[in-house]
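The exercises that follow ask you to read packing relations from a set of coordinates and to check each step against the model. Work through each task with the structure open before reading its solution.

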Amino acid sequence: MSSSTPRSDEPPLLRIGPPLPGNAEPIERADAARNRALLLDAAQQLVREHGVGGLTMDAVAKRAGVGKGTVFRRFGNRTGLMLALLDHSEQKFQAAFMFGPAPLGPDASPVERLIAFGRTRLLDIEVEGDLHRAAEEGRFGGGPYGLHKAHVVLLLRAAGVTGEPPLIADTLLSTLSAALVIHQIDILGYTRAQIGDNWEWLVRRVVSAAAQVE
């Protein structure tokens, strides 16, 4: 299956909250969409290199090779830029786990996909943690969290996990809470690799326990 072909058993991509600055047009022209993606990719690179503190309108303009006025016209202000960046990052993550290459995408076993899901999410939280933490207010009612949960439930069932996969999915996803992960890294001193190893241990124990019950 092509990595760009939607799967009938996966839900559609969801945005974070209502339409955000920089994403308000119902149908963007192709050149406008490319320009927005260019700006947001530049913003994402800056955050990954310098943290959220390094994300300024000037810095994004310089990285993208455009005038500062272009950035202001597209996103309004720094808050608008940060919200649009979080939405952009979330859209890329969703596309990767639903349609992208293995091990995160469809062409891998359910267990390997679950492990990759957690490790990839941890990378996003580590480099964009403040944005993710802000987005978690009211997170359980639907939106991206609902999509993440549906994806994890789908993989748990594909791996043979019975009982209450939705409850198990909530338990697993609670370990990827941005607030918890940031606390574990900044206060408790764990590395992202250690937290990722713990995620993998949990996934393998859940699947192994299901196999033993059978």
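**Exercise 1: The nonpolar cores**

In this predicted model, the largest nonpolar core holds 31 residues, and F97, F117, V152 and L156 are the ones that touch the most other members. Determine which helices each supply at least two residues of this core, and which helix gives the most.

*Solution.* Begin by assigning the core members to helices: α4 (78–99), α5 (110–135), α6 (143–158), α7 (165–174), α8 (178–186) and α9 (192–213) each contribute at least two residues. Then rank the contributions, which shows that α5 gives the most, with seven residues. Next, take one of the best-connected members, L156, and leave aside residues up to four places away in sequence; the residues that L156 touches are then L114, V161, P165, I168, A169, L172 and V206. Finally, look beyond this core, where a second, separate core of 21 residues is found, with A42, V47, V52 and V60 among its members. As background, nonpolar side chains in soluble globular proteins tend to be buried together.

**Exercise 2: The surroundings of F117**

Decide whether F117 is buried or exposed, and list what F117 touches when residues up to four places away in sequence are not counted.

*Solution.* First locate the residue, which sits in helix α5. Its relative accessible area is 1%, and since buried means under 20%, F117 is therefore classed as buried. The contact list of F117, without residues up to four places away in sequence, consists of F93, F97, L104, H148, H151, V152, L173, L176 and W199. For one of these partners a backbone distance can be added: F117 and F97 are 20 residues apart along the chain, and their C-alpha atoms are separated by 6.9 Å.

**Exercise 3: Helix α3 against helix α2**

Classify the relative orientation of α2 and α3, and state which residues make their contact.

*Solution.* Start with the geometry: helix α2 (residues 57–64) packs against helix α3 (residues 68–75) at an angle of about 115°, and their axes are 8 Å apart. The range from 65 to 115 degrees counts as roughly perpendicular, and α2 and α3 are therefore placed in that class. Their crossing is right-handed. On the α2 side the contact is made by M57, D58, V60 and A61, while α3 provides K68, V71 and F72. Sorted by class, the residues of this contact comprise five nonpolar, no polar and two charged.

One member of the contact can be followed further, namely K68 in helix α3. With a relative accessibility of 40%, K68 counts as partly exposed. Not counting residues up to four places away in sequence, K68 touches M57, D58 and A61. The C-alpha atoms of K68 and T56, which lie 12 residues apart along the chain, are separated by 9.9 Å.

**Exercise 4: Helix α1 and its two crossings**

Find how α1 is oriented to α3 and to α4, and give the make-up of each contact by class.

*Solution.* For the pair with α3, helix α1 (residues 30–50) packs at an angle of about 105°, with the axes 11 Å apart, and the two helices are therefore roughly perpendicular to each other. The contact involves A32, R36, L39 and L40 of α1 together with T70, V71, R74 and F75 of α3; by class, this gives five nonpolar, one polar and two charged residues.

For the pair with α4, the axes come within 10 Å and cross at roughly 95°, so that α1 and α4 are likewise roughly perpendicular to each other. Here A37, L40, D41, A43, Q44 and V47 in α1 meet L81, A84, L85, H88, S89 and K92 in α4, a contact of seven nonpolar, three polar and two charged residues.

**Exercise 5: The chain as a whole**

State how many helices and strands the protein chain has, and identify the residues joined by a cis peptide bond.

*Solution.* Counting the elements gives nine helices and zero strands. Of the 214 residues in the protein chain, 42% are buried. Among contacts between residues at least 6 apart in sequence, 70% join residues at least 24 apart. For the last part, inspect the loop between α4 and α5, where P103 lies; a cis peptide bond joins A102 and P103, with omega about 5°.

Notes: Residues numbered from 1 in each chain as written. Predicted model: local features only at pLDDT ≥ 70, side-chain atom pairs only at ≥ 80, totals over all residues. Heavy atoms only, no water. Axes fitted to C-alpha atoms, helices over the stretch in contact; angles between N-to-C directions. Helix = DSSP H or I, 4+ residues; strand = E, 2+ residues; numbered from the N terminus. Parallel < 35°, antiparallel > 145°, perpendicular 65-115°, else oblique. Left-handed = near helix turned anticlockwise from the far one by under 90°. Contact = heavy atoms within 4.5 Å. Nonpolar A, V, L, I, M, F, W, Y, C, P; charged D, E, K, R; others polar. Core = buried A, V, L, I, M, F, W, Y, C linked by side-chain atoms within 4.5 Å. Buried < 20%, exposed > 50% of the residue type's maximum accessible area, 1.4 Å probe, protein only.
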